[in-house]
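This report concerns helix packing, enclosed spaces and backbone geometry in one protein model. The sequence and structure are shown first.

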Amino acid sequence: MANQARESSETMHEAAGRRVPLPALLRSFWTWSAVVFGLTLLVAWVEHQLGVSRYNWDPLSDPLFGDLMEYPGTYLWLHTAAFFFNVTARPVPYPLYSPVAYPPFAAMVLAGLYSAANPVLRYLELAAVWLAVALWGVRRVLMRVGIGRVSATVFPLTMVLISFPIVRLVHEGNVELVLWVLTAAGVRAYLRKHDDAAGVLWGLAAAMKLYPAVLLILLLPRGKWRAFALGVAAFAGATLLALWWLGPTMGVAWRGSLGNVFGYQGVRASEWSLRELAANHSVFGLVKMLAMMTGVPLARLTLPYYACGAVAMGWTFFGRLWRMPAANQLLAVTAFMVMFPPVSYFHTLVHLYAPLLVLLLVAIRAERAGATVEGLRGTVLLFVPLFAAFTVFLFPRVYVFDGLVQAALLVALFGCALRFPFMVDGAEAVA
């Protein structure tokens, strides 16, 4: 296996010496992404002409930077019990006061944004720096494996501009941007065998929104128990530090954060509205639909759902994925991470760009070797509708809802990771 990996690396370096166009699969993905983007504009124009409500035809109908500017009134009460609890004495009216529905570490990160004279400008600066670094990194990787300079630049740049999850994330000003930086940096460290760094980065991400904690199981097939423990320690340490900093006491901060986070989750989990059907791509939406058809109360679904999801992930990972290539493990765990939480909106899909890039590198390696990787083309093309604007799949009159469509696509993506080993000539294709 080591010899095969070295041969793969040598082939990549040889390819870097002769610049070649994008492989066929990357061109197909690029073309179909552009077609779907054009379809988005066409659907928006037609529905606008027909007088359909703006939410149906405009994927950016929500207030600009609405998520970022939801909490300015709340942060006036930072370091007091009123920051967490619904007290009567406030210096601002209720519409400007909204409980922070994030774990303590994310609340502390938001405080850093609000400390700026212009939080929106600081957020845009962070987004610009991160996207520039990410684009430079992808360009560098593509050029190292032999892709021409122009293609290596234009391909990722256009994908950023037409991919809805990225555009929507920046438009909303959601703190998921910081989470994306941490998880993507962790994936890079993981692929470069810097497991301790990956564990710490994923632990910090989990301290912000809990669900990235599942990424830590990627370290187990390698036997990296220390890295796994460092991830758990980073999660615990960041949470305790944030609780202490938020105040007024760690006990008050803990109870308030717990109540606000799970209170928000409970409200959203039991909601059955057009907003949820269009925006929430959680598999829980499919479960809720089945429950409503069979008369099961939604309030009784949450605990069985969590239990079944944990069992299903444990069985598939330790029973099947454990022996599969890293590309499969990363894809399956990331897909599970964004589809399993009962509340998972458009911006969480940005985490899928990392496994997509890995699959594209597998495609490049396969074309160089003249090999065919079963299931790779279909798996990559599943990302096209996943990254499309929700308005393309939102037609309530005929019971088509984007959230349910994307939940089904994520299940299919997870199934592809379980079924098809993404390797070339029996060797790992990503070094």
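Helix 2 (residues 24-49) packs against helix 16 at an angle of about 140 degrees, and their axes are 8 Å apart. Helices here are DSSP runs of H or I with at least four residues, and they are numbered from the N terminus. Axes are lines fitted to C-alpha atoms over the stretch in contact, and angles run from 0 to 180 degrees between N-to-C directions. Helix 2 and helix 16 are therefore oblique to each other. Angles under 35 degrees count as roughly parallel, over 145 as roughly antiparallel, 65 to 115 as roughly perpendicular, and the rest as oblique. The contact is formed by A24, L25, L26 and F29 from helix 2 with L356, L360, A363, I364 and E367 from helix 16; contact means heavy atoms within 4.5 Å. By class, these residues comprise eight nonpolar, no polar and one charged. In this scheme Ala, Val, Leu, Ile, Met, Phe, Trp, Tyr, Cys and Pro are nonpolar, Asp, Glu, Lys and Arg are charged, and the others, Gly among them, are polar.

The model is predicted: local features need pLDDT of at least 70 and side-chain atom pairs count only at pLDDT 80 or more, whereas totals for chains, interfaces and linings use all residues. Residues are numbered from 1 along each chain as its sequence is written, and side-chain values use heavy atoms, with hydrogens and water left out.

Helix 16 also takes part in a second pairing. Helix 15 packs with helix 16 (residues 353-369) at an angle of about 150 degrees, their axes lying 9 Å apart. That angle makes helix 15 roughly antiparallel to helix 16. The crossing of helix 15 with helix 16 is left-handed, a term for a near helix turned anticlockwise from the far one by less than a right angle, with right-handed used if the turn is clockwise. Residues A327, L330, L331 and T334 of helix 15 meet P355, V358, L359 and V362 of helix 16. Seven nonpolar, one polar and no charged residues make up this contact of helix 15 with helix 16.

Another pair lies earlier in the numbering: helix 5 (residues 119-144) and helix 6 (residues 149-162) pack at about 140 degrees, with axes 9 Å apart. Their crossing is right-handed. Helix 5 contributes L131, L135, V138, R139, L142 and M143, while helix 6 contributes R149, A152, T153, F155, P156, L157 and V160. The contact of helix 5 with helix 6 divides into ten nonpolar, one polar and two charged residues.

The angle and axis distance for each pair are set out below.

| Helix pair | Angle | Axis distance |
|---|---|---|
| Helix 2 and helix 16 | about 140 degrees | 8 Å |
| Helix 15 and helix 16 | about 150 degrees | 9 Å |
| Helix 5 and helix 6 | about 140 degrees | 9 Å |

The model also holds two cavities of 30 Å³ or more. A cavity is a set of points, on a 1 Å grid over the protein atoms alone, where a 1.4 Å probe fits but cannot get out, and lining residues have an atom within 4 Å of a point. Grid points are joined across faces, edges and corners, and a volume is the space filled by probe spheres set on the points.

The largest cavity has a volume of about 80 Å³. Its lining includes E271, W272, F284, K288 and P342. Helix 13 gives the most to this lining, with three residues. The lining of the largest cavity has five nonpolar, four polar and three charged residues.

The second largest cavity encloses about 60 Å³. Among its lining residues are W180, T183, T334 and H351. Helix 8 gives the most to the lining of the second largest cavity, with four residues. That lining has six nonpolar, three polar and no charged residues.

Two loops carry backbone features. G247 and P248 are joined by a cis peptide bond, with omega about 0 degrees. P248 lies in the loop between helix 10 (225-246) and helix 11 (250-269). K193, a residue other than glycine, has a positive phi near 70 degrees, and K193 lies in the loop between helix 8 and helix 9 (195-209).

Terms used: On a 1 Å grid over the protein atoms alone, a cavity is a set of points where a 1.4 Å probe fits but cannot get out, and a pocket is an open set with protein on both sides within 12 Å along at least five of seven lines; lining residues have an atom within 4 Å of a point.
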